Amino acid sequence: MNKKLIALLLLLALMTAMLSGCGATDSDDLLAKIKKEGKITIAMEGNWAPWTYEDENGTLMGFDVEVSTAVAEKLGVEAEYVLGAWDGLLAGVKSGRYDLMANGVGYTEERTQSYYYSDFYAFTRTAIVVRKDNDTIKTMEDLKGKTTCNSANSTYQLRAESYGATVKDIESLDGTMEELQAGRVDATLNAEVSINDYLREKPDANIKIAGFDSNVDRIGMIMPKTDSAKSLQEAVNKALAELREEGKLAEISIKYFGMDITTEY
C-alpha cells in the first residue's frame, strides 16, 4: 500500500473520529439537549392535590408544578408537562421519554437502581388512613392481612406490601378515598399533608388518620440513570439550592401546604 493511500486512510479515520466525538457531545448530554431544544419534559400525575392537580378550569397547579417550573426557569428553558399514571411515568423516565419526574417522589433504595435523584427538597410523614369507625388499624404492623389501595408502584403501595397488606391499584387520591369510604378496602397510605388538604376540602369525609409510619419520607425529582443525565442532575441540584437560599421553596410550600415542609425534621 503506497504512502499516499495510507495517509488518506488515516485522514479519513481521524475525520470520522472527530465527527463522532462532536455528535456525542450534543446527543449524549441530556442537559445540552434540553437547552438546545429550549424545553424540559416533566412527568407528573396531575391528580394528587396539593402536589400536582388541575383546578376547576383545568389549569395545572400544585407544589411540584411551581417548584419544577422554577427549576426550569433556572435552567433557562420552558417546562413542558406530561400527565399520566404513576407506573407509566416511572417507565417513561427510565426509558428517557421524559427528562424529569416531579410528583412527590419518595426516596427508596430500589429506585436508585433505575433513577438519579435530585437533592431532597420536601419532607413529609406517611399517614395511615381508615374510616372513622375503624379502631383496629393504628400502626403499620396492623396492615398485615388487610387490603389497602394506592397507585401502582407508588411508595405507598410498596410500603403497605412490605407490612403484609394486599394493595388495590387506584390512580388518584379521590379514588382511594372513595374506595375506603365505601368499605371496599380497609385502609390507605398517603402523605400527611395531602390528607390534611383533603380534609380541609371535605371536612365531612368518613375518614381519619389512625397513625403514622415512623420514617420521614424524603422527596426528590428523578431522572434517567444514564451518564448523559448526570449534567442534568447537577443543574437541578444547583437550581434547588438557589431556590432554597432565596426562600422560594418555603414560600411555595406554605402556599400549598400551609406550612414549610422543605426542611428535614
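Which residue of E12 does Phe-123 stand opposite? The residue is Arg-218, and the pair is a handy way into this structure.

A word first on what is being looked at. This is a predicted model, in which local features need pLDDT of at least 70 and side-chain atom pairs count only at pLDDT 80 or more, while totals for chains, interfaces and linings use all residues. Residues are numbered from 1 along each chain as its sequence is written, and side-chain values use heavy atoms, with hydrogens and water left out.

In broad outline, the protein chain has nine helices and 13 strands. Helices (H or I, at least four residues) and strands (E, at least two) are DSSP runs, numbered from the N terminus. Of the 265 residues in the protein chain, 46% are buried; buried means under 20% relative accessible area, exposed over 50%, and partly exposed in between (1.4 Å probe, protein chains only). The accessible surface of the chain comes to about 13,000 Å², with 51% of that belonging to carbon and sulfur atoms. These areas come from the Shrake-Rupley method with a 1.4 Å probe, and for residues only the protein chains shown count as cover. Among contacts (heavy atoms within 4.5 Å) with a separation of 6 or more, 70% link residues 24 or more positions apart.

Back to Phe-123 and Arg-218. Strand E8 (residues 122-130) and E12 run antiparallel and are joined by eight bridges. Together with E11 they form an open, antiparallel sheet of three strands, in the order E11-E8-E12; two strands pair if DSSP finds at least two bridges between them. At the edges sit strand E11 (188-191) and strand E12 (208-219), each pairing on one side only. From one strand to the next, the twist averages 25°. Helix H6 packs on this sheet, where it touches E8 and E11, and its direction makes about 145° with that of E11. Axes here are lines fitted to C-alpha atoms, for helices over the stretch in contact, and angles run from 0 to 180 degrees between N-to-C directions.

H6 itself spans residues 173-181 and includes Leu-180. The buried residues of H6 are Leu-173, Gly-175, Thr-176, Met-177, Glu-179 and Leu-180. Their cover includes strand E2 (47-48), E8, E9, E10, E11 and H7. Leu-180 counts as buried because its relative accessibility is 0%. Leaving aside neighbours within four places in sequence, Leu-180 is in contact with Val-129, Val-130, Arg-131, Val-185, Asp-186, Ala-187, Thr-188 and Ile-207. One of these partners, Val-129, is 51 residues away along the chain, yet its C-alpha atom is separated from that of Leu-180 by 8.6 Å. After H6 comes Gly-183, with a positive phi near 80°.

Two of the strands covering H6 belong to another arrangement. Strand E9 (residues 147-150) and strand E10 (residues 166-169) pair in the parallel sense over four bridges, and Thr-147 has Thr-166 in E10 as its bridge partner. With helix H5 (residues 155-162), E9 and E10 make a right-handed β-α-β unit. Right-handed says that, with the strands pointing away from the viewer, the path from the first strand over the helix to the second runs clockwise.

E2 also has a sheet of its own to belong to: an open one of three strands, antiparallel, in the order E2-E3-E4. Here the edges are E2 and strand E4 (60-61), each pairing on one side only. Two bridges join E2 to strand E3 (residues 52-54), and Trp-48 stands opposite Thr-52 in E3.

Helix H7 (residues 192-201) is home to Asp-197, which counts as buried because its relative accessibility is 13%. Not counting residues up to four places away in sequence, Asp-197 touches Ala-49, Pro-50 and Tyr-256.

Finally, there is helix H4 (residues 86-95), with Trp-86, Leu-89, Leu-90, Gly-92 and Val-93 as its buried residues. They lie on the same side of H4 because they cover an arc of only 160° around the axis, the arc being that of the directions from the helix axis to the C-beta atoms. These buried residues pack against strand E1 (39-44), strand E5 (78-83), strand E6 (100-101), strand E7 (115-117) and strand E13 (222-224). The face turned away from the buried side of H4 carries the exposed residues Lys-94 and Ser-95. Just after H4, Gly-96 takes a positive phi of about 90°.
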